[in-house]
Amino acid sequence: MTEVETRRLLKAEFIRKATLEQDIKIINRNMERLTKETCILSEQLENQKLEKKWCFDEFGVRTQPDPHTESLRIAGHLQEQPDMTEDVLAVLRQRKCSLGTETADLDRKLQAAMNTKPAT
């Protein structure tokens, strides 16, 4: 094999290797993107399951107002009675705090239950 042929083969192999490396990078980027999208969709699905469990009755009728409707209701009341704004904000802050505390307590109970092994 001549030197020119060897150079051509090396160049072709180098190009092929670079192409494969680029393809691998693209595949890895696509995998990362798909993994992120899967996580987002999984979280959305979990939220929908929780909403279905806690906000709808067995007939599919909503028993709890959705956040958008509730915020519109509160905004409407505040528009009618603007002097109540501070009171409403105080109540919402208090509710947020109590929900955070309740969530933390439930998380602790859940972790304790998960760490407790049943006697066999």
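**Exercise 1. Decide whether Glu70 is buried, partly exposed or exposed in this predicted model, then look at its partner.**

Step 1. Start with the accessibility of Glu70, which comes to 25% in relative terms. Buried would need a value under 20%, and exposed a value over 50%. Glu70 therefore counts as partly exposed.

Step 2. Now find the partner. Glu70 is in a salt bridge with Arg73, and their closest N and O atoms lie 2.5 Å apart. The cut-off for such a pair is 4 Å, so this one passes.

Step 3. Check where the two sit. Arg73 and Glu70 are three residues apart in helix H2, so about one helical turn separates them.

Step 4. Do the accessibility check for Arg73 too. Its relative accessible area is 43%, so Arg73 is partly exposed.

**Exercise 2. Work out how Lys17 and Glu21 are placed relative to each other, and how they meet.**

Step 1. Look along helix H1. Lys17 and Glu21 are four residues apart there, which means about one helical turn lies between them.

Step 2. Turn to the side chains. Those of Lys17 and Glu21 meet in a salt bridge, with 3.3 Å from N to O.

Step 3. Finish with Glu21. With a relative accessibility of 39%, Glu21 is partly exposed.

**Exercise 3. Find the exposure class of Arg108 and of Asp105, and describe the contact between them.**

Step 1. Take Arg108 to begin with. Its relative accessibility is 52%, and exposed means over 50%, so Arg108 goes in the exposed class.

Step 2. Asp105 has a relative accessible area of 31%, so it is partly exposed.

Step 3. For the contact, look at the closest N and O atoms: they are 2.2 Å apart, and Arg108 and Asp105 form a salt bridge.

Step 4. Place the pair in helix H3. Arg108 and Asp105 are three residues apart, so the separation is about one helical turn.

Step 5. Put this pair in context: the count for the model is seven salt bridges.

**Exercise 4. Describe the largest pocket: its volume, its lining and the elements that build it.**

Step 1. The volume is about 380 Å³.

Step 2. Go round the lining and you meet Leu50, Trp54, Cys55, Gln64, Arg95 and Leu99. Helices H1 and H3 are the elements that each give two or more of these residues.

Step 3. Which element gives the most to this lining? H1 does, with three residues.

Step 4. Sort the lining by class: four residues are nonpolar, one is polar and one is charged.

**Exercise 5. Do the same for the second largest pocket.**

Step 1. This pocket holds about 170 Å³ of space.

Step 2. The residues around it are Pro65, Asp66, Pro67, Glu70, Ser71, Ile74, Leu92 and Arg95. Here H2 and H3 are the elements that give two or more residues.

Step 3. H2 provides the largest share, four residues.

Step 4. By class, you get four nonpolar, one polar and three charged residues. Glu70 from the opening exercise is one of the lining residues.

**Exercise 6. Judge how confident the prediction is, overall and helix by helix.**

Step 1. The average pLDDT of the protein is 90, and 97% of the residues score at least 70.

Step 2. Where is confidence highest, and where lowest? Helix H1 (residues 3-55) has the highest mean, 94, and helix H2 (residues 67-80) the lowest, 89.

Step 3. Keep one reading rule in mind: where pLDDT is low, predicted coordinates should not be read in detail.

How values were computed
Residues are numbered from 1 along each chain as its sequence is written. This is a predicted model: local features need pLDDT of at least 70, side-chain atom pairs count only at pLDDT 80 or more; totals for chains, interfaces and linings use all residues. Side-chain values use heavy atoms; hydrogens and water are left out. pLDDT is the predictor's confidence in each residue, from 0 to 100. On a 1 Å grid over the protein atoms alone, a cavity is a set of points where a 1.4 Å probe fits but cannot get out, and a pocket is an open set with protein on both sides within 12 Å along at least five of seven lines; lining residues have an atom within 4 Å of a point. Grid points are joined across faces, edges and corners, and a volume is the space filled by probe spheres set on the points. Ala, Val, Leu, Ile, Met, Phe, Trp, Tyr, Cys and Pro count as nonpolar, Asp, Glu, Lys and Arg as charged, and the others, Gly among them, as polar. A salt bridge is a side-chain nitrogen of Lys or Arg within 4 Å of a carboxyl oxygen of Asp or Glu. Buried means under 20% relative accessible area, exposed over 50%, partly exposed in between (1.4 Å probe, protein chains only).
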